Amino acid sequence: MMWLSSGFIFRRGTSAYHRLDPRVKLLVSVLMFVTTLLVRTLYELAAVLLFMIALSAFATVLRRVARTMAFTALFSAFIFALNFVFTRNIETSLLYAARFVAIVVSTSLFFITTSPDELEQVMKTFRLPRDVIFAFVTAVRFIPVMFLDTIQIMDAQKSRGLELEKGNLLRRVRNMIPILIPLVVNSVVRSGELAEAMESRAYGAVPRPTSLVEYRTSLADKAVATAAVVAFALVAYSFYFVIPAQIL
Amino acid sequence: MSNILEIEWLGFRYPDSPRKAISDFDLAVPEGEIVVLAGPSGCGKSTLLRAVNGLIPHMYSGEYTGSVRVGGTNVKESSMRDLAQKVGFLFQNPENQIFMFTVERDIAFGLENLGVPRPEMRARVDEAMRLLDIGELALRAPHELSDGQKQRVALAGVLAMEPRLVILDEPTSLLDPKTASELVGLVARLRKELGTTFVVVEHRLDLLVKVADRIVVMSDGRKALEGTPAEVLFGEDAESYGVSTPSITRLQKMLAKDGLVPQGELMTTAELATSLEGGRS
């Protein structure tokens, strides 16, 4: 599980791409995402994918992006098979399958290089309510804690004779109940304690809380954002007006 | 010196409970003291602490009698916003009071909520990190910290709000002996540097007797004993309320009974040994 999800979990990085304003990274990812939806041929898609791989290499996360791609391969094989059954067209089926990989890569590139702190910043930019942002922050904050909780509960129940790996599928699912119940109870207790601690530290005291960290958009951020928008406009324009699809 | 905390005839009963969690409780704490609150589990310590910082009655409603005053203002009539700046509360499990992804942002959490301007907030966060000597952890994530470090971060978050009174709820229960004694040393230092008053719920009396000014023993929601550590621990009743007297104090008590050492002050192992040496020569 950890292996699969690692394609979406942030790890601290120091590349120039990591240091960009999170909103710029979001813009780049969204534009790449849209581009993958605009492409009409395999060649165009290959070009887009190649660009994403180059960008991943620049952001020094190529290895993890590759892992994401390997993970999505299974799904995209399924998409290919399904499309081929219905359309009997190898090229179209391949396009859909590869497009799925490209979409996942564009999204994962954003999540891999953006810290939860920066995500919070992005949410603030969109003027989401403070409670929603805080709920998101605590949810992400407690992922590692709940993960450790789960391991502890599993060990405790195993030592009391619970056999997790035995039996058919139904049996295995039923075996998860003794894991889930303590986990839920733990979380409810924890949320009560969190609420007390929040109250004790004046949560919600003023309608507009201030922030310790200030995010400034640098010149590099502006340059990258402009370049991304211009490049996207050029690519989109060329797809539809300059290069007819048949030539490629 | 004026009293920072004044509890008068406090009584509290939770809505679904047949008996009172606290009854007829009186306590006055002068500013700058370290008070240890002891007693068996379920004796009402946690309820008392929550009544001091305002969670009772603002978050938990119930049958409330008497009054609690912090720095002269009645807790019942103040808002949680004001109380959060007067009373700091370090909960038992530091994990569940660290909210943010980095240490420095978590320390700033309370100040952000209060709307403190950024330059002032920066200064107060840095000062809290300096006091607890955790400057190098500023950008760490909570899951990258040890239990002792989490405890310090949580305490820094409390201190950044500059409360005059700090409540510590079993602060050493999750710490190893070395880290626990470091924490007690820290409390003594903060009292000296900042003049902060501490109310500490603690079972490890051996660590705290040297720094505490007073011990209050609770039983069944009432105050059972109150006095200096020496008064409480040399008294006859402490053991019957489940207070575990440090072994060295028990030894001193036994030796004093035979007239071998004096029984005025609590002695450390070294002091006791010196006193015995002196008595023999």
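Trainee: What makes A:E118 and A:K25 a salt bridge?

Mentor: In this predicted model, the closest N and O atoms of A:E118 and A:K25 are 3.3 Å apart. The rule asks for a Lys or Arg side-chain nitrogen within 4 Å of an Asp or Glu carboxyl oxygen, so the pair qualifies. A:E118 belongs to helix α7 of chain A and A:K25 to helix α3 (residues 22-38) of chain A, so the bridge ties together parts 93 residues apart in sequence.

Trainee: Are A:E118 and A:K25 buried or exposed, and how do you know?

Mentor: Buried means under 20% relative accessible area. A:E118 has 12%, so it counts as buried. A:K25 has 0%, so it is buried too.

Trainee: How do you know that B:E104 and B:R122 form a salt bridge?

Mentor: Their closest N and O atoms are 2.7 Å apart, and the limit is 4 Å. B:E104 lies in helix α4 (residues 103-114) of chain B and B:R122 in helix α5 (residues 118-131) of chain B, so this pair links parts 18 residues apart in sequence.

Trainee: Why is B:R122 called partly exposed?

Mentor: B:R122 has 28% relative accessibility. Partly exposed runs between the 20% and 50% cut-offs, so that value puts B:R122 in this class. Its partner B:E104, at 10%, counts as buried.

Trainee: What makes B:R130 and B:E193 a salt bridge?

Mentor: The closest N and O atoms of B:R130 and B:E193 are 3.9 Å apart. The cut-off is 4 Å, so the pair counts. B:R130 is in helix α5 of chain B and B:E193 in helix α7 (residues 177-194) of chain B, so parts 63 residues apart in sequence are tied together. B:E193 is partly exposed, at 44% relative accessible area.

Trainee: Why does B:R152 have no salt bridge?

Mentor: The nearest side chain of opposite charge, that of B:E182, is 4.1 Å away. A salt bridge has to be within 4 Å, so B:R152 has none. B:R152 is nevertheless buried, and it lies in helix α6 (residues 147-159) of chain B. Leaving aside neighbours within four places in sequence, its contacts are B:L132, B:D133, B:I134, B:E182 and B:L186.

Trainee: How do you know whether B:L155 is buried or exposed?

Mentor: B:L155, also found in helix α6 of chain B, has 2% relative accessibility. Buried is under 20%, so B:L155 is buried. Beyond four places in sequence, B:L155 is in contact with B:L90, B:L132, B:V166, B:L168, B:L186 and B:L190.

Trainee: How many salt bridges does the rule find across the interface of chain A and chain B?

Mentor: Six salt bridges cross that interface, while the structure holds 30 over all chains.

Trainee: What makes B:R105 and A:D117 a salt bridge?

Mentor: The closest N and O atoms of B:R105 and A:D117 are 3.0 Å apart. The limit is 4 Å, so the pair is a salt bridge. Both residues also belong to a network of salt bridges with A:E120, A:K124 and B:E112.

Trainee: How many residues of chain A and chain B are in contact?

Mentor: 36 residues of chain A are in contact with 44 residues of chain B. The two chains bury about 3,500 Å² between them, 56% of it on carbon and sulfur atoms. On the chain A side, A:R141, A:R201 and A:L212 lose the most area to chain B, together 27% of what that side buries.

Trainee: How many residue pairs are in polar contact across the interface of chain A and chain B?

Mentor: The rule finds 20 residue pairs, with both residues at pLDDT 80 or more. In chain A, α7 (116-125), α8 (130-141), α9 (143-159) and α11 (177-200) each supply at least two residues of the side that touches chain B. The largest share, 10 residues, comes from α11(A). That side of chain A divides into 18 nonpolar, six polar and 12 charged residues.

Trainee: What is phi of B:W9?

Mentor: Phi of B:W9 is near 45°, a positive value in a residue other than glycine. Most residues other than glycine have a negative phi. B:W9 lies in strand β1 (residues 3-13) of chain B. Its relative accessibility is 55%, and exposed means over 50%, so B:W9 counts as exposed.

Trainee: Where is B:D24, and why is it called partly exposed?

Mentor: B:D24 is in strand β2 (residues 22-30) of chain B. Its relative accessible area is 39%, between the cut-offs of 20% and 50%, so it is partly exposed. B:D24 also has a positive phi, of about 45°.

Trainee: What is omega for the peptide bond from B:I56 to B:P57?

Mentor: Omega is near 5°, and the bond is cis. B:P57 is in helix α2 (residues 55-58) of chain B.

Notes: Residues numbered from 1 in each chain as written. Chains lettered and ligands numbered in written order. Predicted model: local features only at pLDDT ≥ 70, side-chain atom pairs only at ≥ 80, totals over all residues. Heavy atoms only, no water. Contact = heavy atoms within 4.5 Å. Buried area = accessible area lost by both parts, 1.4 Å probe. Polar contact = N/O pair within 3.5 Å; in protein donor to acceptor, adjacent residues only side chain to side chain. Helix = DSSP H or I, 4+ residues; strand = E, 2+ residues; numbered from the N terminus. Nonpolar A, V, L, I, M, F, W, Y, C, P; charged D, E, K, R; others polar. Buried < 20%, exposed > 50% of the residue type's maximum accessible area, 1.4 Å probe, protein only. Lys, Arg positive; Asp, Glu negative; His and termini not counted.
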